Amino acid sequence: MSVAVRVIPCLDVDDGRVVKGVHFKNLRDAGDPVELASEYYRQGADELTFLDVTASSAHRSTMYDVVRKTAETMFIPLTVGGGVRTIEDVDTLLRCGADKVGMNTAAINNPPVIQEIAKRFGNQVLVLSIDAQREHAGRTKSGFEVTVMGGRKSTGLDALEWASRAAQLGAGEILLNSMDADGSQSGFDVEMISKMREVVNIPIIASGGAGKVEDFPKAIAAGANAVLAASVFHYGLITIDEVKTELRKSGYSVR
């Protein structure tokens, strides 16, 4: 039996509230994280991802109290990212109820931390978050460049090369977010997903661009193992059940 495709709502949180914008800009309020987490659990979400979207750029830690309250509302895996820098941060988040941690900026600044986390907590704990954008200046071999600080800063790193290295160091999953498509509801970047699948054999979570139910099977067909979305769920444009129904119609196993 094939492994079931996971459908994952994402809570982008800033100052204790769920927010959503386009390309991480013009953020607007989308609700209370604890209430939304509880509702998505009721709707049948397979996992939940919680991202503190300004923790890294503001140079502060993730809001642990919100993580703890969110974890208490549901009994599905919770991934928490944003401001995670050290082994101690990971340990604290796991104690607060997180099942996995997402890391982006800190892993780029200190790649050995990936190996350290995997060794201490297991590969399954670390989700490497890659905010990638297309670049046309020839800085990268693949044409996809890693950004940090919520997409505010380019790194010059080739997204595919970085993902491959991180997987070798012990990252358990790749959360691949298209910064070009983020919040646009124009569809997932299936080309980027497909190229990422060619270089890593760990699970890929497709993120950025979901706008209609037909977008989700396309991401799986391109090589993703899970699909993540935010605004279309927060504002009631699409339900989790509708996504799962569409995936089933396309021949994919869902929970």
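Trainee: How many bridges join strand 1 to strand 12?
Mentor: This is a predicted model, where local features need pLDDT of at least 70, side-chain atom pairs count only at pLDDT 80 or more, and totals for chains, interfaces and linings use all residues. Residues are numbered from 1 along each chain as its sequence is written, and side-chain values use heavy atoms, without hydrogens and water. Strands are DSSP runs of E, at least two residues, and helices are runs of H or I, at least four, both numbered from the N terminus; strands pair if DSSP finds at least two bridges between them. Strand 1 (residues 6-14) runs parallel to strand 12, and the bridges joining them number four.

Trainee: Which residue in strand 12 stands opposite Ile8?
Mentor: Strand 12 covers residues 226-229. Opposite Ile8 stands Leu228.

Trainee: What is the handedness of the crossover from strand 11 to strand 12?
Mentor: Strand 11 (residues 204-207) pairs with strand 12 in the parallel sense over two bridges. Ile205 has Ala226 as its bridge partner. The chain crosses through helix 8 (residues 215-221). With the strands pointing away from the viewer, a clockwise path from the first strand over the helix to the second counts as right-handed; this β-α-β crossover is right-handed.

Trainee: Are the residues on the two faces of strand 12 buried or exposed?
Mentor: Buried means under 20% relative accessible area, exposed over 50%, partly exposed in between (1.4 Å probe, protein chains only). Ala226 and Leu228 lie on one side, Val227 and Ala229 on the other. All four are buried.

Trainee: Which helix gives the most to the largest nonpolar core?
Mentor: A nonpolar core is a set of buried Ala, Val, Leu, Ile, Met, Phe, Trp, Tyr and Cys residues joined through side-chain atoms within 4.5 Å. The largest has 76 residues. The top contributor, with six residues, is helix 6 (residues 159-169).
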